Amino acid sequence: MFDRLQAVEDRYDKLNELLSDPEIVNDTKKLRDYSKEQSDIQETVEVYREYKEVKEQHVEAKAMLEEKLDPEMREMVKEELDETAARIEELEARLKILLIPKDPNDDKNVIMEIRGAAGGDEAALFAGDLFRMYSRFAEAQGWKMEVIDASSTGVGGYKEIIFMINGKGAYSKLKFENGAHRVQRVPETESGGRIHTSTATVACLPEAEEVEIEIHEKDIRVDTFASSGPGGQSVNTTMSAVRLTHLPTGTVVSCQDEKSQIKNKEKAMKVLRARVYDKFQQEAQAEYDQQRKSAVGTGDRSERIRTYNFPQNRVTDHRIGLTIQKLDQILQGKMDDIIDALIFEEQSSRLESASDV
């Protein structure tokens, strides 16, 4: 492990030199690539350097104990030994996690798609609840959210809503939301007080940059139409809404959120690129089914991942068996307890897999 850590530190120092080279500074692609590589390993290097410092302090304290010391000084040295030993253990555990291969998409922005599934109007209302939950979580993280397209029901719900969240590490925290979310509650329209079960599906896609996936104009069919609101009524008479079809994959994306056709096309292209990138990525990784399962089920979007029970104020994540009696707070965007537990489970699984190799 320490040979690998030393190699990472050496590479970090080399990158510092490269990023000071005028030739690299004038090469936009190399500058971006080297800057990202340096950023990716910076935390590992900082923790490793702290580890080396604490280890050195520990060795020095151990050597001092072999000298003739007065009782008070000896006690102080023993305390330092205990403190540095505990810190060394903490840093070693952290370094093991930092050396786990990182998901290359973790730092990316995300495009999220929420759709009401089983349950009619109640499912659409629940889709609206989920959208507001993610919006509040994003706001608490300091991320920026932008709606790309929405098909509302007019009563606070959504048949479908697609939105983008811009922020460093957004995908690393939201990728676990892929799947079917189930709600159990008494609908406002239910006079008998019976609990209904409805579902909404969530897809979380990493934003794909143009350099990662090339989509040719000749492979896209562009259709324009007048945007519509709840119930299908025409919102405006201009043909501002855009539908893009990626002919090789059959992927279709519509956007009518903006009044400008150009802006709608730009937003639709972001979603199209993300969907096609996700499709190719999943196909390429299909042979690694076991590896995908170890990542807390982030790939299977038909999987029922979570239940939100209103009568008991309870949220249960079925993948890790976690139950939290704070449904009201979680719907306000306070999702950290769930997300932190999912990240910990994924890191533990990857650490276990790495140790088996």
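A residue is called buried when its relative accessible area is under 20%, exposed when that area is over 50%, and partly exposed in between. With these terms in place, the present model, which is predicted, can be followed from its aromatic contacts out to its surface patches.

The structure contains five aromatic pairs. In one of them, F2 and Y51 are stacked, with 5.2 Å from centre to centre and 20 degrees between the ring planes. F2 belongs to helix α1 (residues 2–18) and Y51 to helix α3, so this pair ties together parts of the chain that are 49 residues apart in sequence. The two partners differ in their burial class: F2 has a relative accessibility of 33% and therefore counts as partly exposed, whereas Y51, with a relative accessible area of 6%, is buried.

A further aromatic pair is formed by F131 and F163, and its geometry is edge-to-face, with 5.0 Å between the centres and 70 degrees between the planes. This pair, too, links distant parts of the chain: F131 lies in helix α5 (residues 120–141) and F163 in strand β3 (residues 158–166), the two being 32 residues apart. Both F131 and F163 are buried. Ring pairs also bring in Y158, so that F131, Y158 and F163 are linked into a cluster.

Attention may now turn to charge at the surface. A patch of negative charge gathers there from E53, E56, E60, E75, E79, E80, D82 and E83. The elements that contribute two or more residues to this patch are α3 (28–65) and α4 (71–98). Of these, α4 supplies the largest share, namely five residues. One member of the patch, E79, is located in helix α4. Why can E79 qualify for a surface patch as far as its accessible area is concerned? Membership requires over 30% relative accessible area, and E79 meets this condition because its value is 46%, which places E79 in the partly exposed class.

The surface also carries a nonpolar patch of about 250 Å², made by M64, M73 and M76. M73 lies in helix α4, the helix that also holds E79. With a relative accessible area of 33%, M73 is partly exposed; the same requirement of over 30% applies to nonpolar patches, so M73 satisfies it.

Methods. Residues are numbered from 1 along each chain as its sequence is written. This is a predicted model: local features need pLDDT of at least 70, side-chain atom pairs count only at pLDDT 80 or more; totals for chains, interfaces and linings use all residues. Side-chain values use heavy atoms; hydrogens and water are left out. Patches are made of residues with over 30% relative accessible area and no salt bridge: like charges are joined within 9 Å, nonpolar side chains (Val, Leu, Ile, Met, Phe, Trp, Tyr) within 5 Å. Accessible areas come from the Shrake-Rupley method with a 1.4 Å probe; for residues, only the protein chains shown count as cover. A salt bridge is a side-chain nitrogen of Lys or Arg within 4 Å of a carboxyl oxygen of Asp or Glu. Lys and Arg count as positive and Asp and Glu as negative; His and the chain ends are not counted. The place of a charge is taken as NZ of Lys, CZ of Arg, CG of Asp or CD of Glu. Helices (H or I, at least four residues) and strands (E, at least two) are DSSP runs, numbered from the N terminus. Buried means under 20% relative accessible area, exposed over 50%, partly exposed in between (1.4 Å probe, protein chains only). Rings of Phe, Tyr and Trp (its six-membered ring) pair if their centres lie within 6.5 Å; planes under 30 degrees apart count as stacked, over 60 as edge-to-face and the rest as tilted.
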